[in-house]
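Hi,

Here is the structure I promised to send over. Please have it open while you read; my notes follow below.

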Amino acid sequence: DKYPRLRLVCEHVTTEDTLNFVLDAEKQGANVGATITPQHLLFNRCALFAGNRMRPHNFCLPILKRERHRKALLEAVASGTSKRLFLGTDSAPHPIGAKESACGCAGCYTEPHAMSLYAKAFDSTPYGLTHLRAFACENGADFYGLPRNLESDGVLTLERTPLDVPETYQFGEDTVVPLCAGETLEWSTRVE
């Protein structure tokens with residue numbers, strides 16, 4: 001009551017419990033929102049050990065959770081349940097040596113293909129991409145009371161054409177492994 005315009009954002013929501021906190025707060029009219037990363041919509045904790053090997057490039061904080069949490073998050077965003085849930089990438093370009101070490105850095109590098117990852121997640125649901133635009137472009141701006149981007153600022157278009165995610169990216173002297181390295185995603189983007 002003391003700060004009625006204060007906004008609280010739960011960054012990188014990973015559990016059904018936190019999701020319910022945000023949804024309940026929205027019903028009560030509280031200024032609470034949440035960001036969700038593509039990896040938390042696509043993977044559960046088993047992705048850390050896929051193929052019986054440690055997968056350091058899938059390691060992030062908050063850590064990937066059980067399948068029930070992933071499904072709850074995906075259902076909430078893909079169904080358009082809440083205008084308080086919005087895109088929050090985890091663009092952490094940690095060098096290979098910082099990820100593949102005894103005390104590896106947390107974070108997944110998604111920046112170059114984040115929208116393709118989100119499209120993959122949304123498209124895996126019965127709702128398809130119906131609410132992806134709101135999640136990616138509208139909900140966050142509306143929550144913060146900011147104007148939405150105009151089409152004259154440029155348009156990002158998703159196309160159902162294959163996108164081969166590179167095995168690595170170079171950042172000066174450093175090499176970074178992106179999330180889903182070496183995989184082919186079904187969606188690609190074009191900027192106009």
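Start with the strands. E1 (residues 8-10) pairs with E2 in the parallel sense, over three bridges. Within that pairing, Val-9 has Gly-33 of E2 as its bridge partner. Add helix H1 and you have a right-handed β-α-β unit, made of E1, H1 and E2. Bear in mind that this is a predicted model.

E2 also pairs with E3 (residues 85-87). Those two strands run parallel and are joined by three bridges. Here Ala-34 of E2 stands opposite Leu-85 of E3.

How much of E2 is buried? Five of its five residues are. Val-32, Ala-34 and Ile-36 point one way from the strand. Gly-33 and Thr-35 point the other way, and they are buried too.

Now the core. The largest nonpolar core holds 38 residues. Ile-36, Leu-41, Val-77 and Leu-85 touch the most other members. At least two core residues come from each of these elements: H1 (16-27), E2 (32-36), H2 (38-42), H3 (67-78), H5 (114-123) and H6 (132-144). H5 gives the most, with seven residues. As a general point, nonpolar side chains in soluble globular proteins tend to be buried together.

Leu-85 is a good place to zoom in. Which residues is Leu-85 in contact with, leaving aside neighbours within four places in sequence? They are Leu-19, Val-22, Ala-34, Ile-36, Ala-76, Val-77, Phe-135 and Asn-139. Of these, Ala-34 is the residue opposite Leu-85 in the E2 and E3 pairing. Ile-36 and Val-77 appear again from the list of core residues that touch the most other members.

Best wishes

Technical notes. Residues numbered from 1 in each chain as written. Predicted model: local features only at pLDDT ≥ 70, side-chain atom pairs only at ≥ 80, totals over all residues. Heavy atoms only, no water. Core = buried A, V, L, I, M, F, W, Y, C linked by side-chain atoms within 4.5 Å. Buried < 20%, exposed > 50% of the residue type's maximum accessible area, 1.4 Å probe, protein only. Helix = DSSP H or I, 4+ residues; strand = E, 2+ residues; numbered from the N terminus. Contact = heavy atoms within 4.5 Å. Pairing = 2+ DSSP bridges. Right-handed = clockwise from strand over helix to strand, strands pointing away.
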